[in-house]
Amino acid sequence: RRTDHDRYHRYFSPFRDETNASFRIYENTNRWYDFGTGESGGVIDLVTRLKGCSKSQAFDFLATITPSFVTPLPAPATQSAGRDARGAVVIERMKPSFTNRSLVEYIASRGIPRGVIERYCFEAAFRLRSNRMSTYFAIAFKNDSEGFEIRNPYFKGCFGCKDITTVRINHDSRLSEQCCVFEGFFDFLSYMTAAFLMDSNLCQSSKCDCLVLNSVGMADTAIAKLKPYQTVHCYLDNDTAGRLATQKFAESLNVTDESARYSQFNDVNEYLCSALYPP
């Protein structure tokens with residue numbers, strides 16, 4: 001059904017018995033509104049209400065009923081110990097499941113469900129050369145040169161060669177017509193979470209390839225990879241570095257600056273966290 005503002009569907013409220021359908025779900029925003037109580041929210045809010053669970057548990061539940069909404073990156077060529085190019089970090093082991101409690105809490109605080117993080121990232125146990133006695137845990141995100149961006153609440157670095165990360169939507173590695181560009185992997189993971197939640201305010205209406213810079217300093221490297229695309233959607237930070245990188249891409253590519261979609265926030269992850277955990 002169409003209104004002046006949006007398309008919506010009417011249902012009987014799942015929270016109580018009623019004879020008139022007063023529960024609406026809006027297509028464009030994928031949000032619901034209960035006219036009987038004045039309450040509203042998104043998909044996660046609805047699941048937490050219906051199942052009486054936390055938002056993190058709601059994410060896990062949704063991932064089990066729609067397991068194929070993302071395409072996993074290939075597993076690392078080796079999961080044994082290794083050293084980065086400068087010898088600053090020694091990776092002891094890497095695994096696709098996340099079990100370290102502090103790391104799991106950190107991931108949840110960034111609004112990323114386990115179903116997304118475990119399709120694209122690995123849990124890494126590592127040591128610092130300056131402190132060989134202690135083992136630390138971090139998220140490891142693979143790049144195109146078989147290196148890894150590693151991140152936890154207190155440490156941000158790179159294991160191996162620094163490079164961009166490309167993610168294809170086609171299993172046969174054919175390029176899509178469009179590509180979304182992100183500065184860091186948390187923004188990429190946030191976008192994939194928002195796509196899972198059908199957030200049309202943030203996401204493109206069709207599936208796109210994705211490219212993660214892993215640093216705005218990799219913009220020149222990314223340009224060659226982006227030239228085959230008909231349209232490049234830039235989801236970079238709303239700061240000076242992000243704007244300059246977007247301008248650089250626009251000089252040689254057909255670019256759409258998507259930063260207006262999250263103009264009140266510094267980046268895509270801040271937007272996601274605000275949508276999931278409003279003040």
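## Antiparallel pairing in the first sheet

S2 and strand S3 (residues 31-34) are antiparallel partners, joined over 4 bridges. This comes from a predicted model. Two facing pairs can be picked out along S2 and S3. Arg24 stands opposite Tyr33 in S3. Tyr26 stands opposite Arg31, also in S3.

S2 has a partner on its other flank in the sheet order S1-S2-S3-S4. Strand S1 (residues 8-11) pairs with strand S2 (residues 23-26), again in the antiparallel sense and over 4 bridges. Here Arg10 faces Arg24 in S2. Arg24 thus has Arg10 opposite on the S1 side and Tyr33 opposite on the S3 side.

## The four-stranded sheet as a whole

These strands belong to an open sheet of 4 strands, in the order S1-S2-S3-S4, with antiparallel pairing. S1 and strand S4 (39-41) stand at the edges. Each has a single partner strand, so one side of each lacks a neighbour in the sheet. On average, neighbouring strands of this sheet are turned by 15 degrees against each other, direction ignored.

In a regular strand, side chains alternate between the two faces of the sheet.

## The five-stranded sheet

A second open sheet holds 5 strands in the order S11-S13-S12-S14-S15. Its pairing is mixed. Which strands stand at the edges? Strand S11 (165-167) and strand S15 (255-257) do. Each has a single partner strand, so one side of each is left without a neighbour in the sheet. Neighbouring strands here are turned by 20 degrees against each other on average, direction ignored.

One parallel pairing in this sheet joins strand S12 (residues 178-182) to strand S13 (residues 209-212), over 4 bridges. Cys179 stands opposite Asp209 in S13. A helix also lies on these strands. Helix H7 (residues 240-250) lies across S12, strand S14 (231-235) and S15. H7 runs at about 155 degrees to S15.

## Thr231 in strand S14

Thr231 is found in strand S14. Is Thr231 buried or exposed? Its relative accessible area is 16%, so Thr231 is buried. The cut-off for buried is under 20%.

Leaving aside residues up to four places away in sequence, Thr231 touches Glu177, Gln178, Cys179, Asn254 and Thr256. Cys179 appears again here: besides touching Thr231, Cys179 faces Asp209 in S13.

## Helix H5 against helix H8

Two packed helices are described by the angle between their axes and the distance between the axes. The axes of helix H5 (residues 185-196) and helix H8 (residues 268-276) come within 8 Å. They cross at roughly 45 degrees. H5 and H8 are therefore oblique to each other. Their crossing is left-handed.

Which residues make the contact? H5 supplies Phe186, Asp187, Ser190, Tyr191 and Thr193. H8 supplies Val268, Asn269 and Leu272. By type, the residues of the contact of H5 with H8 divide into 4 nonpolar, 3 polar and 1 charged.

## Phe196 and two positive phi values

Phe196 also sits in helix H5. Its relative accessibility is 13%, so Phe196 counts as buried. Phe196 and Val116 are 80 residues apart along the chain, yet their C-alpha atoms are separated by 9.3 Å.

Most residues other than glycine have a negative phi. Met198 has a positive phi, near 55 degrees, and is not glycine. Met198 lies in the loop between H5 and S13. At 54% relative accessibility, Met198 counts as exposed. Asn214 also has a positive phi, about 65 degrees, without being a glycine. Asn214 lies in the loop between S13 and helix H6 (219-226). Asn214 is buried, with a relative accessible area of 9%. The two loop residues therefore contrast: Met198 is exposed, whereas Asn214 is buried.

## The chain overall

The chain has 8 helices and 15 strands. Of its 279 residues, 46% are buried. Contacts between residues at least 6 apart in sequence can be sorted by separation. Of these, 57% join residues at least 24 apart.

Terms used. Residues are numbered from 1 along each chain as its sequence is written. This is a predicted model: local features need pLDDT of at least 70, side-chain atom pairs count only at pLDDT 80 or more; totals for chains, interfaces and linings use all residues. Side-chain values use heavy atoms; hydrogens and water are left out. Two strands pair if DSSP finds at least two bridges between them. Axes are lines fitted to C-alpha atoms, for helices over the stretch in contact, and angles run from 0 to 180 degrees between N-to-C directions. Angles under 35 degrees count as roughly parallel, over 145 as roughly antiparallel, 65 to 115 as roughly perpendicular and the rest as oblique. A crossing is left-handed if the near helix is turned anticlockwise from the far one by less than a right angle, and right-handed if clockwise. Contact means heavy atoms within 4.5 Å. Ala, Val, Leu, Ile, Met, Phe, Trp, Tyr, Cys and Pro count as nonpolar, Asp, Glu, Lys and Arg as charged, and the others, Gly among them, as polar. Buried means under 20% relative accessible area, exposed over 50%, partly exposed in between (1.4 Å probe, protein chains only).
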